[in-house]
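I had a free hour, so I opened the model and kept a notebook beside me. Here is what I looked up, entry by entry.

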Amino acid sequence: MKIKHLLVLAFFVLLAPIMVTSCQDEEIEPNPENENIINSETALVSLMQSTSAYDGSVDDVMDEANCLSVNLPVTVVVNGITITINTLEDLGLIEAIYNEFDNDDDVLEYVFPITIILNDYTEITIENQEQLQEFIDECTADEDVIECIDFQYPISFSMYDTNFQVIDTVVIGSDFELYVFLQSLETSNSAVVLASLNFPVTMVYANGDTVEVNSNQELEAAINAAEEECDYDDEDCTLQEVSEALQDCHWEIVSYNGDDNFIDFDLVFGGGGALQISEGDLTEVELGSWNLESTDQGIVLSIEQLSAFSQDLGGDWLVVDCADDRFELVRTVENTTTEIVMEINCDDNQVSCDFQDVRDYLVACPQIPALNGYTPSFTTFTFHDSNEISTLYENDLLYSGTWDIAMIEGELKVFINFNGLEDYNGEYAVVECNEDSLVLQQGEDVLVLTQQCTSDNPFECFSNTELVICDNMEPFNDGMAEFNLNEAFPNCMTDDVEVGFYQSMTNAEVEVNQIPAEGYVNASNPQTLYARVTEVGTGNFEIYTVELVVEDCGQTCSEQDVDAFLLDCTWNVVNYNGSDNLIVWNFDFESSNNIVVIYTETATIDATWTTSQTNNGVIIEFSNVAGSDIQAITGQWLVVECEEDRLQLHRENDIMVIERTCD
């Protein structure tokens with residue numbers, strides 16, 4: 001065995017800043033086994049270096065280069081939106097912006113200078129895009145980096161002299177420290193020092209499983225096994241591409257651990273996260289759920305809420321290879337690895353909607369049936385969530401039965417089974433999906449279902465009301481303001497009614513001198529207007545009063561008061577221009593780095609917030625709000641009404657009210 005010579009002084013000067021050492025004076029221990037000596041020329045040292053090398057793939061959503069990573073924090077401009085990435089978790093903001101629209105070109109630009117980190121932990125300052133592109137162009141997936149296994153730290157090495165006396169113990173606490181230590185073994189000089197890894201050592205796999213090794217041979221075998229398991233190239237897989245591919249047509253499992261036991265089953269991934277598994281007839285249908293997540297290891301497909309297939313197909317599957325028409329997935333449970341290969345199957349009769357879309361359409365409202373162009377006198381079918389079906393006429397039950405939906409041999413089918421209404425029974429293929437109709441076909445029979453979602457009482461939502469806003473026009477505090485009159489009935493404006501506003505009851509009754517709903521400036525304070533609500537198709541109408549009130553909302557809170565209020569408890573947008581659509585978002589204001597965490601049960605956004613004191617009052621500014629709908633709050637808002645648990649904010653013609661909730 002060839003022993004490398006090390007310069008002892010240089011060796012410990014190099015390691016001193018990054019590791020803890022404990023020296024032992026001429027302590028004699030049994031000779032280490034030759035096979036446990038760490039030699040820089042052995043395959044094991046190379047594997048350990050690959051395991052501890054810097055993983056440049058963790059931020060590929062930014063640089064698309066496995067062999068380098070961008071040092072954080074970094075400011076980027078994504079599709080025109082400027083955000084600051086402070087942690088790896090913030091990379092989700094970039095994906096959220098990318099996924100907001102399906103048909104746009106995603107563009108990411110850095111705010112230079114930036115610092116990149118190579119696999120050997122070298123840091124390089126980059127001044128412009130051209131310089132960065134040179135590194136990216138030269139970068140390939142580094143085969144010397146092993147991402148699927150890691151050491152559980154701390155670990156330690158015993159250092160021996162040539163007489164096999166322990167002269168020191170070196171404790172390693174991170175990948176960086178281990179990488180530097182192993183590099184030091186490659187130096188040579190007059191003094192001879194031997195290193196031996198102290199066992200047992202625990203290794204951690206990417207899925208969280210652990211294995212204990214007790215020798216160099218066992219350690220080498222464990223790293224090699226992990227490298228084989230994660231030897232894949234997913235650089236072409238993005239979360240959006242995988243999601244779109246799964247929902248395109250249906251899928252077949254052509255290989256399950258090398259066999260074809262599941263090849264007869266169809267998997268349909270619905271747009272709402274619903275999953276259907278079937279084997280050619282309705283009795284074999286099972287419903288579950290699916291979800292995709294981007295992790296440090298790659299894209300993970302989670303399949304849940306299964307019963308019969310739970311053990312075989314349930315759990316978290318890592319996408320190890322992907323294409324438009326083929327996926328390879330790996331799942332590891334309690335050291336047992338399962339591999340499946342799925343291939344897409346698109347038939348010519350495939351429709352644009354999936355079974356979840358059809359189900360949602362059927363249960364949303366009663367349906368008007370037209371069988372071969374004929375609509376029966378009872379007019380409506382009602383598809384219930386419980387898979388019961390009924391026909392109603394003037395609220396009286398005429399017929400009842402059952403219904404279901406399934407994917408049969410790649411074709412979407414709706415099953416109808418009435419008791420006593422056999423003309424409509426049978427197995428219908430879904431041949432066309434439209435926003436306002438569903439076309440089903442059985443042989444030569446065509447059944448068209450059209451939603452009837454109108455309310456029995458179109459005026460039920462309306463009542464006499466008061467519309468109160470703060471003075472939002474210069475000169476302020478003169479009792480005049482600009483109103484959007486539609487905000488008087490924020491949740492009542494549907495296609496079933498037409499609403500017009502008038503300055504007198506007489507004008508409303510005869511429909512003359514209608515005033516504009518948007519941009520109306522009150523003539524007095526308060527002022528009474530009249531809203532005429534007309535049912536479309538019948539001409540029936542009702543008239544309601546709308547009292548306009550302009551308040552002096554001059555706030556008395558200081559910037560410090562507003563900061564203290566926001567930092568306490570959780571806030572919600574209870575009113576945005578008369579709507580409560582944003583109330584589902586929770587706001588958690590943090591003092592450090594001016595981060596505001598905006599989240600729902602299914603989404604989280606790390607935005608930024610600041611406050612400033614102006615002559616008009618306190619300004620709250622939101623930026624980096626990368627999310628659909630909630631992005632509307634971006635910008636500067638003037639605090640016009642200030643209470644400890646309620647703030648009313650104005651931005652030009654926009655009004656937002658946020659309220660605090662404390663557990």
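The entries below cover salt bridges, one arginine, the nonpolar cores, a cavity and some backbone details.

**Entry 1: what I am looking at**

I noted before anything else that this is a predicted model.

**Entry 2: salt bridges**

I began with the charged pairs. Side chains of opposite charge can pair when their charged atoms come close. How many salt bridges does the count come to? I got 9 salt bridges.

I looked up arginine 660 and found it in a salt bridge with glutamate 644, with 3.5 Å between the closest N and O atoms. Arginine 660 sits in strand β45 (residues 654-661), while glutamate 644 sits in the loop between β43 (635-643) and β44 (646-651), so this pair ties together parts that are 16 residues apart in sequence. I also checked how open each partner is. Arginine 660 is buried at a relative accessible area of 17%, whereas glutamate 644 is partly exposed at 46%.

Next I went to arginine 646. Which residue does arginine 646 form a salt bridge with? The partner is glutamate 659, and the closest N and O atoms are again listed at 3.5 Å apart. Arginine 646 belongs to strand β44 and glutamate 659 to strand β45, so the pair ties together parts that are 13 residues apart in sequence. Both ends came out partly exposed: arginine 646 has 24% relative accessibility, and glutamate 659 has a relative accessible area of 31%.

I then wrote down a linked group. Arg326, Glu328 and Glu343 are joined in a network of salt bridges.

**Entry 3: arginine 651**

I gave this residue its own entry. Arginine 651 is in strand β44. Is arginine 651 buried or exposed? It counts as buried, at 16% relative accessibility, because the cut-off for buried is under 20%.

I looked for its charged partner and found aspartate 654, which forms a salt bridge with arginine 651 at 2.8 Å between the closest N and O atoms. The two side chains are also listed as making a polar contact, at 2.8 Å. The arginine 651 side chain has another polar partner: it reaches the backbone oxygen of threonine 634 at 2.6 Å.

I listed the wider surroundings too. With neighbours within four places in sequence left aside, arginine 651 is in contact with residues including Tyr576, Ala632, Ile633 and Trp637.

**Entry 4: nonpolar cores**

I turned to the nonpolar side chains. In soluble globular proteins, nonpolar side chains tend to be buried together. Which residues of the largest nonpolar core touch the most other members? Among its 54 residues, they are Met62, Phe587, Ile598, Phe622 and Leu647. Helix α4 (residues 91-98) supplies the largest share of this core, with 5 residues.

I followed up on phenylalanine 622. Not counting residues up to four places away in sequence, phenylalanine 622 touches a set that includes Phe587, Phe589, Trp609, Trp637 and Met656.

I also found a second, separate core, which has 28 residues, among them Leu306, Phe309, Trp317 and Val319.

**Entry 5: a cavity**

I searched the whole structure for enclosed space and got 2 cavities of 30 Å³ or more. I looked closely at the second largest cavity, which holds about 40 Å³ of space. Its lining includes Ile83, Thr84, Asn86, Asp90, Ile595, Asp606 and Asn624.

Which strand gives the most to this lining? β41 does, with 3 residues. Both β6 (81-85) and β41 (604-613) supply at least two lining residues each.

**Entry 6: backbone details**

I finished with the backbone. Most residues other than glycine have a negative phi, and most peptide bonds are trans.

I noted a cis peptide bond between leucine 72 and proline 73, with omega at about 5 degrees. Proline 73 is placed in the loop between β4 (68-70) and β5 (74-78). I found another cis peptide bond between asparagine 525 and proline 526, with omega at about 0 degrees. Proline 526 lies in the loop between β35 (518-521) and β36 (527-535).

Then I checked phi. Asparagine 387 is not a glycine, yet its phi is positive, at about 65 degrees. Asparagine 387 is in the loop between β25 (380-383) and β26 (388-393), and it is buried, with a relative accessible area of 19%. Asparagine 513 also has a positive phi, of about 60 degrees. Asparagine 513 lies in the loop between α11 (505-510) and β35, and it is exposed at 57% relative accessible area.

Methods. Residues numbered from 1 in each chain as written. Predicted model: local features only at pLDDT ≥ 70, side-chain atom pairs only at ≥ 80, totals over all residues. Heavy atoms only, no water. Salt bridge = Lys/Arg side-chain N within 4 Å of Asp/Glu carboxyl O. Helix = DSSP H or I, 4+ residues; strand = E, 2+ residues; numbered from the N terminus. Buried < 20%, exposed > 50% of the residue type's maximum accessible area, 1.4 Å probe, protein only. Polar contact = N/O pair within 3.5 Å; in protein donor to acceptor, adjacent residues only side chain to side chain. Contact = heavy atoms within 4.5 Å. Core = buried A, V, L, I, M, F, W, Y, C linked by side-chain atoms within 4.5 Å. 1 Å grid on protein atoms, 1.4 Å probe; cavity = no way out; pocket = protein on both sides within 12 Å on 5 of 7 lines; lining within 4 Å. Points joined across faces, edges and corners; volume = space filled by probe spheres on them.
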